[in-house]
Amino acid sequence: SYTDVMSLADLARAHAALAASVQDLYARRAGLILAARAQGHTWPQIADALGMTVHGAIKASRMGGEPQ
């Protein structure tokens, strides 16, 4: 639980693991977006399906590589 006592090293390790998980999720989302584009879906269609703006969808499609 979050109320357990932890060292700063434990905190840093937990944070690094979460950051890696988040980066993996961003990469997976980018892959899905790019697959939708490859199948002929437009940016407005993709953005609408994801509940984001066209700009947000385009930006999300670029978050699969190195951290920005």
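Is A60 buried or exposed? Keep that in mind while you get set up, and remember as you click around that this is a predicted model.

**Stop 1: A60**

Select A60, which sits in helix α3. Here is the answer to the opening question: A60 has 2% relative accessibility, and buried means under 20%, so A60 counts as buried. Now show what surrounds A60. Leaving out residues up to four places away in sequence, A60 touches R29, A30, I33 and M52. Next, try a distance: pick the C-alpha atoms of A60 and A16. These two residues are 44 apart along the chain, and their C-alpha atoms are separated by 21 Å.

**Stop 2: S61, next door**

Move on to S61, also a residue of helix α3. S61 counts as buried because its relative accessibility is 9%. What does S61 touch, leaving aside neighbours within four places in sequence? Show the contacts and you should find A30, I33, L34 and W43.

**Stop 3: helix α1 from end to end**

Now select residues 8-38, which make up helix α1. How far apart are the end C-alpha atoms of this helix? The distance is 45 Å. You can check that against a simple rule: at 1.5 Å a residue, the 31 residues of α1 should span 45 Å, so the model agrees with the expected value. The rule multiplies 1.5 Å by one less than the number of residues.

Colour A30, I33 and A36 next: they are the buried residues of α1. To see what lies over them, show α2 (43-50) and α3 (54-61), which are among the elements covering these buried residues. Then go just past α1 to G40, which follows the helix and has a positive phi, near 100°.

**Stop 4: the nonpolar core**

Hide the rest and select I33, A36, W43, I46, A47, A57 and A60. Together, these seven residues form the largest nonpolar core. Which elements give two or more residues to this core? They are α1, α2 and α3. The most generous contributor is α2, with three residues.

Zoom in on one member of the core, I46, found in helix α2. I46 is buried, because its relative accessible area is 7%. Ignoring neighbours within four places in sequence, I46 is in contact with I33, A36, R37, H41 and A57. Now flip to the other side of one of those contacts and select A36: with residues up to four places away left out, A36 touches H41 and I46. Here's another distance to try, from I46 to L34. They are 12 residues apart in sequence and 9.8 Å apart in space, C-alpha to C-alpha.

**Stop 5: two salt bridges**

How many salt bridges does a search of the whole structure find? It finds two.

For one of them, select D10 and R13. Their closest N and O atoms are 2.5 Å apart. D10 and R13 are three residues apart in helix α1, which means that about one helical turn separates them. Turn on the surface and compare the partners. D10 is partly exposed, with a relative accessible area of 34%. R13, at 53% relative accessibility, counts as exposed, because the cut-off for exposed is over 50%.

The other bridge joins D24 and R28, with 3.9 Å between the closest N and O atoms. Both residues lie in helix α1, four residues apart, or about one turn of the helix. Is D24 buried, partly exposed or exposed? At 41% relative accessibility, D24 counts as partly exposed. R28 is exposed, with a relative accessible area of 53%.

**Stop 6: a nonpolar patch on the surface**

Finish on the outside. Keep the surface on and select M6, L8 and L11. These residues make a nonpolar surface patch of about 320 Å². Click on L11, whose place is in helix α1. L11 counts as partly exposed because its relative accessibility is 45%. For a last look, put L11 and A60 on screen together: L11 is partly exposed at 45% relative accessibility, whereas A60 is buried at 2%.

Terms used
Residues numbered from 1 in each chain as written. Predicted model: local features only at pLDDT ≥ 70, side-chain atom pairs only at ≥ 80, totals over all residues. Heavy atoms only, no water. Buried < 20%, exposed > 50% of the residue type's maximum accessible area, 1.4 Å probe, protein only. Contact = heavy atoms within 4.5 Å. Core = buried A, V, L, I, M, F, W, Y, C linked by side-chain atoms within 4.5 Å. Patch = residues over 30% accessible without salt bridge, like charges linked within 9 Å, V, L, I, M, F, W, Y side chains within 5 Å. Areas by Shrake-Rupley, 256 points an atom, 1.4 Å probe, with all protein chains shown as cover. Salt bridge = Lys/Arg side-chain N within 4 Å of Asp/Glu carboxyl O.
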